[in-house]
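Visitor: Hey, I'm new to this one. Can you pull it up and walk me through it?
Guide: Sure, here it comes.

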Amino acid sequence: MIRILVLICVNILAIGAKPTQQTPFDELVNNATKNFYGMHCVSEVIVDVSAAAGDFAYDLELCEDPYTVDDFTDILDTKDVINRITDRLLVVNELDCDNHQYLPDWNGSTIPSRECLTKFKKHLNKMNFVIEETINEILVAGESNVCALMAMGKYVIKLNNFTGLLQACAEVAEKFNK
């Protein structure tokens, strides 16, 4: 019985000791958040995503079919989630990370603290999840209304640009890395 317990404990320790694997998105985020230049860039990307969500809602409202907005409530609900995550990311960037990029003594080469990065990355991962889910919802949404199809197409293109823009932020952070 003791041998079995020892084996179980060894297996549990072995499982717990395995390093967590990073996803390509995690690696991208790590590269983009090496310094305040990269984090400022990421903040701008997040604001663009939030604006795209608002544009999508507005574009649907412009469609002539009065039921168009009602047909896409699930997708439109993600707009509110994206806006909340955007607000939280901006607060974390400015207050928790002390990244006040518009102050005269701002140094973009500053390396963010571990606490700052933990909070920032947590919300950025949430944003990535919501974006992926939104894209999937749009891709399976059936619609014969050309106006709604155009609005969804424009929105998907903007959401698909998210990781490409984060890659650009990673390059900015690398360029100005200490």
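Visitor: Let me start with one residue: is Ile75 buried or exposed?
Guide: Buried: its relative accessible area is 4%, and the cut-off for buried is under 20%. Keep in mind that this is a predicted model.

Visitor: OK, and which helix is Ile75 in?
Guide: Ile75 sits in helix H5.

Visitor: What is Ile75 in contact with, leaving aside its neighbours within four places in sequence?
Guide: Phe56, Thr134, Glu137, Ile138, Ala141 and Tyr155. As for distance along the chain, Asn136 is 61 residues apart from Ile75, yet their C-alpha atoms are separated by 9.8 Å.

Visitor: You mentioned Phe56. What does Phe56 touch, if I don't count residues up to four places away?
Guide: You get Ile75 again, along with Leu76, Ala151, Met152 and Tyr155.

Visitor: Switching topic: how many residues does the largest nonpolar core have?
Guide: That core has 43 residues. Phe56 is among those with the most contacts inside it, together with Val42, Leu124, Met127, Tyr155 and Phe162.

Visitor: Which helices each supply at least two residues of this core?
Guide: Those are H2 (24-32), H3 (36-62), H5 (73-96), H6 (114-140) and H7 (146-175). The largest share comes from H3, with 12 residues.

Visitor: Why might nonpolar side chains be buried together?
Guide: I can only give you the general trend: in soluble globular proteins, nonpolar side chains tend to be buried together.

Visitor: Back to the helices. How do the axes of H3 and H7 cross?
Guide: They cross at roughly 180° and come within 9 Å. Angles over 145 degrees count as roughly antiparallel, so that is how H3 and H7 run relative to each other.

Visitor: And how do the residues of that H3 and H7 contact divide up?
Guide: There are 23 nonpolar residues, four charged and one polar.

Visitor: What about H2 and H6, at what angle do their axes cross?
Guide: Roughly 135°, with the axes coming within 11 Å. That angle makes H2 oblique to H6.

Visitor: Is that crossing left-handed or right-handed?
Guide: The crossing of H2 and H6 is right-handed.

Visitor: Which residues make the contact there?
Guide: From H2 you have Phe25, Asp26, Val29 and Asn30, and from H6 Lys121, Leu124, Asn125 and Asn128. By type, the contact of H2 with H6 has three nonpolar residues, three polar and two charged. Leu124 should ring a bell, as it is also one of the residues with the most contacts inside the largest nonpolar core.

Technical notes
Residues numbered from 1 in each chain as written. Predicted model: local features only at pLDDT ≥ 70, side-chain atom pairs only at ≥ 80, totals over all residues. Heavy atoms only, no water. Core = buried A, V, L, I, M, F, W, Y, C linked by side-chain atoms within 4.5 Å. Buried < 20%, exposed > 50% of the residue type's maximum accessible area, 1.4 Å probe, protein only. Helix = DSSP H or I, 4+ residues; strand = E, 2+ residues; numbered from the N terminus. Contact = heavy atoms within 4.5 Å. Axes fitted to C-alpha atoms, helices over the stretch in contact; angles between N-to-C directions. Parallel < 35°, antiparallel > 145°, perpendicular 65-115°, else oblique. Nonpolar A, V, L, I, M, F, W, Y, C, P; charged D, E, K, R; others polar. Left-handed = near helix turned anticlockwise from the far one by under 90°.
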